[in-house]
Structures are given as C-alpha cells and as structure tokens.
Amino acid sequence: MHDYQRIADRIAADILSGRLRPGQRLPPQRSFARRRGIAASTAGRVYAELVRRGLVVGEVGRGTFVRAAPVPSGRALAEPATTAPVNLELNYPTAPDQAALLAPALAPLLRPDVLSEATRTAPADGTPAAREAARGLLATAGWRPSPDQVLFSGNARQAIAGALAALVRPGGRVGIDALTYPLVKEIAARLGVTLVPLAGDADGIRPDSVAAAHRTAPLSALYLQPTLHNPTSATMPETRRRRLAAELRPWGLPVVEDRIWSFLSDDTEPFAAFAPELTYVVDGLSKRVAPGLTVGFLVVPEGRTGRVGEALRSGGWTAGRFALEAALRWMTDGTVDRLTTAKRADASRRQRLVTEHLRGFTVRADPRTYYAWWRLPAPWRADTFTAAAAARGIAVTPGPSFAVPARSPDLSASGAADCVRLGLASAPLEALERALRTLASLAHDTHHE
C-alpha cells in the first residue's frame, strides 16, 4: 500500500466515525501537506483518492468538503429509500377519502364471472373500451388522438422505456433537458442509450441546440417534459413549442413527450398538438389515482402501434388486465375527474405553504405543482444540506440526481450542486408545514460547517 493510501485511510476513518462531519471543509492541499510533513503532490493524491471513494467533493473556488453520501440514483424517487419520518423525495399525491372514491369501481371486479375475465392477460393495445376511455381522458381542445393510437403499459415509466426501446437502437443518442426526471437516466442506461443534454433557457430546450447536437452526431429522438417540468416546474410556451416542432419536422426526429404531471394544468396544449406525426405521448394514473394499482398510456403517431407494441410486449411492460379494468371504470365513472379536482386544490394548498415558509429564498415552483426547486443559500450545497435535513428527520432530493452528465460545461446543469428538490405530495399537510419550517431554519444556519 502506498503512503497516500494509508493517509487516505486515516482520513476516511475520521469521516466514517463522525470526527469529520458532512459539509466540513478540509484544509487546502498545501496546508494539509505542511501539517502532515508530506509533499504537495502526495497531498494531491490523498485528496484524489478520497474523491474516488466518494467521501469528499472538490468544488472550484470553494475547496474540498466532506460528502454527505454518494449521490442517490433515480431509484430513490421510485421506492422508499429512506427511514426519515418526513419523506419529501417520494411524490405521490393522495386526495382526502381517496380509498372511498376508488372502492366502488373495484367491487364489480370481484364477482367470479367478471374476475375470471379480469385476470386474463391483456395485449399492448388493451381493449376497445379502454382505448376509448384513455383517448377521452388524454384529449385536449387542440389534440384528440384516435383510439387506435393508444397503447397501455404497467405505468408511465414503462411507457417511456417502451417508446425509447422502439425508437432508439443501443448506442443511439437522445436529446434531453440538462435537468430531467432521474429515472429516465436509469432507463437509458439499461437500454444502452446515450442521453445528450441540450442547451435551454427559461422557455425550455432551444431549437438551435437541437440542431447543433444533431449536426454533431445524429440524434435518434428527444425526451421532453414541456408541461410542468420536473424538477423546475417550467412550462414551455406555445411559441417555443411551434418553433421546436418546425425545427424537428424536416429531420423527422421523434419526440417522447412526458405528460405525467400535466393533469395539474388544463390550459396548455401538448407538444403533440404541434407535431402529431412525430410525438409519442406518455402519461399514466400513478399521480392522478395511486401508484399501487396503475396503468401507463402511450399514444403513438398514426400507423406506429405495431413496432411500439412489440417493444412493450418484449420488455414485459404491458398493463395487467385487472389494473386495466379498474382504470377503465375509474376513467368512465368520474372517479379520475374527481381525484384530479381534489389534487389540484391540494397542490395549491401545499404551494402556499412553500411560499409562506421559504419566503426570501430562491425557489422555483409553479403554484399548480407538487414540487419545488430550491437554490440553497451559500455556503450550503445539495449533499451537505440533504445530510443535515436527514439528521432532522426530513428526506429531500439533492439537485445532482436530476442532472444529465455533459461533456461540455456549456451544456451542464449548472448550479444543480447547490439545489434540492422538495416533493410536496406524499407528506401529510401538517407534517409538510413543520418540515418546511425546519428546513427554512436550517438553511438560515450558515455556520453548519
């Protein structure tokens, strides 16, 4: 073992024992070298080894800090990954008396004759009744797909996977926002797809950045969240949607449009309304209804269901028949509409708490959404704040979880290391208010190091 590794082991032991705390700044390398009586080059190797082990993080112009923990993968947003009493990572809204609203539609499915049919397998295109109901649920004033364009998956994540698997060969490139839904990164990695972060502004991805990336090496598709983007809450204006559609049309470049949170907004047309021949619309019931018994929707351009349906079948991503039958009843008996109304009101209440308790901080949020993107005050960073919040029983998601790695600094999600996302949906309202009050107090504490 080399000397620098032995020294790194001792520093690592101090970190693991708590003698060096998350967020604590290590001395500059030259000072460290003088104190230890070692060469500056050896000190550099010690710090590099600690970075390699994920124990510290170096920040240009700031120094080297003890890390809270390795940056979590997208799985932290899909399943309970924390024992914190207040979980602001998971983000599944629940309406008051939701179970009572859902139960009546399920009762008929338990009759033996109906249950026998409902427990059979279902094809990717479901049933004619389910396709008609889904088309009615997803249609807007400016976009009304045909029932023949609708396919079904187990959830929206599986719909994304099916669309990308059908559109992009392994090794292909997909353009995407520099900040995005973390599980898309995992889906892409499993499919062998390269995500290419594209330059954007307050209105979303810039059309010229798509052109530049496509000229560098052809893109196979784009993944967009144009309505209530997660995590920033931004909504792409109609003018930008039209410009982007015009840019993509000559290349025939397909778009996977994620509309999972769009049910909270009823005044914005989907991107599909401006480029229906290119757009594969993803949606689902996990947010509208509940995550445990859900269905995903994938609306494809006319004539494209065969290839996408095959991708859903081969990936094992088609919807279960029982869930499909339950969803059909909830969509047609008014349950989904009632839950949507209740959850819109609930999201508004929760955003008012954010406005009240995080006043004076830099927070980006739409008053209709269930999440907030918080740029932390200096000297806090995402990982140290996440650790400090966890020590107080509150789980938040560090900004780097949403960042797509970029080769060019111009296309990186700058500032993500200084941000956290707050998921507002899952915690009870009173617990959320207490958590926001605690987080605000914590953020004001600039002597945490």
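How many Å should the 15 residues of helix 1 span at 1.5 Å a residue? Select residues 3-17 to find out. The expected span is 21 Å, and the end C-alpha atoms are 21 Å apart, which agrees. (The expected span of a helix is 1.5 Å times one less than its number of residues.)

**Before you go on**

This is a predicted model, in which local features need pLDDT of at least 70, side-chain atom pairs count only at pLDDT 80 or more, and totals for chains, interfaces and linings use all residues. Residues are numbered from 1 along each chain as its sequence is written, and side-chain values use heavy atoms, with hydrogens and water left out. Helices (H or I, at least four residues) and strands (E, at least two) are DSSP runs, numbered from the N terminus.

**Stop 1: helix 1**

Stay on helix 1. Colour Tyr-4, Ile-7, Ala-8, Ile-11, Ala-12 and Ile-15, which are buried. (Buried means under 20% relative accessible area, exposed over 50%, partly exposed in between, with a 1.4 Å probe and protein chains only.) Now look down the axis of helix 1. Its buried residues fall within an arc of 140°, so they line one face of the helix. (The arc is that of the directions from the helix axis to the C-beta atoms.) An α-helix has 3.6 residues a turn, so residues three or four places apart point the same way.

Turn to the other side of helix 1. Asp-3 and Leu-16 are exposed there. Next pick Arg-6, also in helix 1. Arg-6 counts as partly exposed, at 38% relative accessibility. Draw a distance from its C-alpha to that of Val-46. The two residues are 40 apart in sequence and 8.8 Å apart in space. Finish at Gly-18, which follows helix 1 and has a positive phi, near 95°.

**Stop 2: helix 4 and helix 13**

Select residues 98-106 for helix 4 and residues 335-357 for helix 13. Two packed helices are described by the angle between their axes and the distance between the axes. Here the axes come within 10 Å and cross at roughly 170°. (Axes are lines fitted to C-alpha atoms, for helices over the stretch in contact, and angles run from 0 to 180 degrees between N-to-C directions.) That makes helix 4 roughly antiparallel to helix 13. (Angles under 35 degrees count as roughly parallel, over 145 as roughly antiparallel, 65 to 115 as roughly perpendicular and the rest as oblique.)

Which residues of helix 4 make the contact? Show Gln-98, Leu-101 and Leu-102. From helix 13, add Thr-335, Arg-338, Leu-339 and Lys-343. (Contact means heavy atoms within 4.5 Å.) The residues of this contact between helix 4 and helix 13 divide into three nonpolar, two polar and two charged. (Ala, Val, Leu, Ile, Met, Phe, Trp, Tyr, Cys and Pro count as nonpolar, Asp, Glu, Lys and Arg as charged, and the others, Gly among them, as polar.)

Step to Asp-97, in the loop between strand 3 (86-87) and helix 4. Asp-97 is exposed, with a relative accessible area of 62%. Its phi is positive, about 60°, although Asp-97 is not a glycine.

**Stop 3: helix 12**

Select residues 321-332. Is helix 12 mostly covered or mostly uncovered? It is mostly covered: nine of its twelve residues are buried. Among them are Leu-324, Leu-328 and Trp-330. The buried residues of helix 12 pack against several elements, including helix 4, helix 5 (112-118) and helix 13. Gly-334 follows helix 12, with a positive phi near 90°.

**Stop 4: the loop between strand 9 and helix 10**

Start with Gln-225, in the loop between strand 9 (221-224) and helix 10. Gln-225 is buried, with a relative accessible area of 7%. Leaving aside neighbours within four places in sequence, Gln-225 is in contact with Asp-177, Thr-180, Tyr-181, Asn-230 and Asp-258.

Leu-228 is in this loop too. It is buried, with a relative accessible area of 0%. Its phi is positive, near 55°, in a residue other than glycine. Then zoom in on Asn-230 and Pro-231, joined by a cis peptide bond with omega about 25°.

**Last stop: Leu-253**

Select Leu-253, in the loop between helix 10 (238-248) and strand 10 (255-258). Buried or exposed? Leu-253 is buried, with a relative accessible area of 3%. Not counting residues up to four places away in sequence, it touches several residues, including Val-210, His-214, Leu-248 and Leu-278.
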